[in-house]
Protein chains: 2
Amino acid sequence: MRDFMATLSSQWDQGRFLCVGLDPVEELIPMSEAPLAFLAKIVTATAHVASCFKPNLQFFLGLGREGILILEHTIAHIRQVAPGVPVILDGKFGDIGKTNDATMKLVMSGKVDAVTLNPYVGPEGLDPFLRQKSLGCFVLCRTSNKGSDWMQKMKLQNGNCVYEQVAYDVMTGWNANGNCGLVVGATFPEELAKVRHIVGDMPILMPGIGTQGAEIEPTVNAGQDDRGRGMVINASSSISYASKEADYPKAAGAEAVRLHELITSFRKAA
Amino acid sequence: MRDFMATLSSQWDQGRFLCVGLDPVEELIPMSEAPLAFLAKIVTATAHVASCFKPNLQFFLGLGREGILILEHTIAHIRQVAPGVPVILDGKFGDIGKTNDATMKLVMSGKVDAVTLNPYVGPEGLDPFLRQKSLGCFVLCRTSNKGSDWMQKMKLQNGNCVYEQVAYDVMTGWNANGNCGLVVGATFPEELAKVRHIVGDMPILMPGIGTQGAEIEPTVNAGQDDRGRGMVINASSSISYASKEADYPKAAGAEAVRLHELITSFRKAA
């Protein structure tokens with residue numbers, strides 16, 4: 001298994017910070033194309049600017065019995081047309097030890113480079129992921145949904161909010177193998193800036209661009225590290241469903257390029 | 001879709017409190033049987049004492065491309081041999097709104113009665129589950145793993161630990177449709193008693209019996225409500241893998257009966 005952090009760093013060296021999220025919803029796929037054909041075209045159309053691809057496991061499960069097969073074939077297609085672009089399996093995995101060993105079978109068979117993890121069970125429960133030095137582990141810190149305050153902004157006796165404590169502890173404890181990142185919604189730029197301050201140059205996956213309403217300029221301003229890096233800025237629906245017509249691969253490619261160029265324009269000079 | 005809470009209550013009326021967890025691990029299946037045949041035999045052997053069956057989604061994903069198909073067939077088998085026994089899909093789902101709509105397709109197509117949810121994204125993100133009145137929603141509160149203190153026992157400024165706050169808020173807010181329960185590990189009987197005190201007669205799913213080390217007596221003492229009900233006591237591996245030989249269905253049935261009788265013996269007189 002190749003090292004995720006090295007692969008990501010090489011993408012950053014090439015100035016790529018856009019993550020293309022793959023959230024297939026049968027009813028939204030243009031021209032009623034088969035999901036795999038649709039996903040393959042989106043991948044091909046965006047591969048030249050994508051820093052990562054992020055298939056969301058739940059959307060593939062929503063495709064039915066063939067979902068896992070479609071996921072595997074989609075990843076195989078990514079390997080073929082974009083061998084240097086790592087794959088983040090967005091499963092928000094949050095079960096405990098032995099159960100996570102089962103999930104690791106999916107991760108290994110899919111040749112996935114990184115996963116997303118839910119921190120609620122703690123690092124001991126998530127150890128089957130964290131101990132894989134080459135596997136990127138993006139831990140949910142501040143999710144992009146509008147109701148994410150409920151637990152994430154609970155105030156602790158030490159003065160931190162829960163999401164800040166997650167950032168501190170992942171930074172100082174969970175990241176012993178240097179394979180951790182965080183997930184912080186681009187929908188909360190002020191809190192994104194706080195987390196960036198806490199974690200230095202750790203990678204932050206930032207969902208929420210496009211359909212969820214976040215803009216590129218505040219996201220890059222708040223999310224980049226001192227060297228204008230550290231960002232994995234995700235857009236899903238706004239790329240995949242940019243057009244409902246037969247020209248959708250072209251439209252997806254154009255939207256990805258537009259986002260990529262916006263990101264580039266707001267980055268600090270290296 | 002039938003109402004989960006009504007179905008569960010009818011199981012309790014019949015004195016059934018044991019939940020049979022289905023965690024298929026290919027390497028552990030006796031006699032190298034096919035996973036579906038193995039699961040069907042475990043279900044048939046335990047159906048006469050099971051209050052619920054709880055397939056854990058991650059273990060099915062670990063079976064490979066056929067995992068979702070095997071899950072669907074297993075649920076179909078449960079419907080056939082034990083139509084009154086509800087199915088809890090243990091997915092620890094914890095994504096946000098639109099993504100959960102995709103998961104609901106799996107839930108509906110599988111004719112699942114209840115799910116487990118991770119609370120980190122908050123009730124707004126989980127609304128696609130919570131708003132389904134007939135769907136049971138078991139929210140992770142205190143997980144059974146030994147490192148679950150990390151977030152769950154963080155101390156809040158109001159004096160509660162995070163897991164206590166989850167119990168309070170699910171009880172007073174999330175449960176507007178009367179379809180919520182909590183997950184509290186049997187491995188922590190003192191905290192199970194605290195949660196029971198907070199939530200009254202709300203159903204509590206209690207994993208951790210058997211392989212994880214929890215015992216029935218303290219679990220029932222701490223976990224039952226005032227009427228000796230409210231319990232969904234889960235055992236998985238200790239039932240499914242009770243024998244490595246051809247007699248494994250008989251051994252599984254015997255272990256389920258043993259646990260059922262132990263639970264019965266420690267319950268308060270109704």
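**Figure 1. Helix H10 of chain B and its buried face in the predicted model.** Helix H10 of chain B spans residues 189-199, and its buried residues are Pro189(B), Glu191(B), Leu192(B), Val195(B), Arg196(B) and Val199(B). Viewed down the axis of H10(B), these buried residues fall within an arc of 155°, so they line one face of the helix. An α-helix has 3.6 residues a turn, so residues three or four places apart point the same way. Glu190(B) and His197(B), on the other side of H10(B), are exposed. The partners of the buried residues of H10(B) are strand S5 (136-142), helix H9 (162-172), strand S6 (180-184), strand S7 (204-206) and helix H11 (216-223), which belong to chain B. Just after the helix, Gly200(B) has a positive phi of about 65°.

**Figure 2. Helix H11 of chain B and its cover.** The buried residues shown in H11(B) are Ile216(B), Thr219(B), Val220(B), Ala222(B) and Gly223(B). The elements covering them include H10, S7, S8 and helix H13 (248-266) of chain B. H11 thus appears in two views: H10 is among its cover, and the buried residues of H10(B) pack against H11.

**Figure 3. Surroundings of Leu182(B) in the largest nonpolar core.** The largest nonpolar core has 186 residues, and the members that touch the most others are Val139(A), Leu182(A), Val139(B) and Leu182(B). Leaving out residues up to four places away in sequence, Leu182(B) touches Phe138(B), Val139(B), Cys141(B), Ala167(B), Val170(B), Val195(B), Val199(B), Met202(B) and Ile204(B). Among these, Val195(B) and Val199(B) are also buried residues of H10. In soluble globular proteins, nonpolar side chains tend to be buried together.

**Figure 4. Contact between chain A and chain B.** Chain A brings 47 residues to the contact and chain B brings 47 residues. On the side of chain A that touches chain B, helix H3 (57-61), helix H4 (67-81), helix H5 (97-109), helix H6 (122-125), helix H8 (149-152) and helix H9 (162-172) each supply at least two residues. H5(A) gives the most to this side, with 7 residues. By class, this side of chain A has 18 nonpolar, 20 polar and 9 charged residues. Chain A superposes on chain B by a rotation of 180° with 0.0 Å of shift along its axis, at an RMSD of 0.0 Å. The two copies are thus related as by a two-fold rotation axis. The same surface serves both copies, since 100% of the contact residues of chain A recur in chain B.

**Figure 5. Leu106(B), a buried residue that touches chain A.** Leu106(B) lies in helix H5 (residues 97-109) of chain B. Leu106(B) has 25 C-beta neighbours inside 10 Å and therefore counts as buried, the cut-off being 20 or more. Leaving out residues up to four places away in sequence, Leu106(B) touches Leu61(A) and Gly62(A). Within chain B, the C-alpha atoms of Leu106(B) and Ile68(B) are separated by 9.0 Å, with their positions 38 residues apart along the chain.

**Figure 6. Asp226(B), an exposed loop residue.** Asp226(B) is in the loop between H11 and strand S8 (231-235) of chain B. With 10 C-beta neighbours inside 10 Å, Asp226(B) counts as exposed. From C-alpha to C-alpha, Asp226(B) and Phe38(B) are 38 Å apart in space, and they are 188 residues apart in sequence.

**Figure 7. Two non-glycine residues of chain A with positive phi.** Met31(A) has a phi near 60° and is in the loop between strand S1 (18-22) and helix H2 (35-46). Met31(A) is exposed, with 10 other C-beta atoms within 10 Å. Lys92(A), with a phi of about 45°, is in strand S3 (residues 88-93). Lys92(A) counts as buried, with 26 C-beta neighbours inside 10 Å.

**Figure 8. Chain A as the setting for the close-ups.** Chain A contains 13 helices and 8 strands. Its radius of gyration is 17 Å, close to the 18 Å that the globule rule gives for 270 residues, so chain A is as compact as a globular protein of that length. Along the principal axes, the C-alpha atoms of chain A fill a box of roughly 55 × 45 × 35 Å. Of its 270 residues, 58% count as buried. Among contacts in chain A between residues at least 6 apart in sequence, 71% join residues at least 24 apart.

Note on methods:
Residues numbered from 1 in each chain as written. Chains lettered and ligands numbered in written order. Predicted model: local features only at pLDDT ≥ 70, side-chain atom pairs only at ≥ 80, totals over all residues. Buried ≥ 20, exposed ≤ 12 C-beta atoms within 10 Å, placed from the backbone. Helix = DSSP H or I, 4+ residues; strand = E, 2+ residues; numbered from the N terminus. Arc of directions from axis to C-beta. Contact = placed C-beta atoms within 7 Å. Nonpolar A, V, L, I, M, F, W, Y, C, P; charged D, E, K, R; others polar. Core = buried A, V, L, I, M, F, W, Y, C linked by C-beta atoms within 7 Å. Least-squares fit on C-alpha atoms with pLDDT ≥ 70 in both. Rg over C-alpha atoms; globule rule 2.2 N^0.38 Å.
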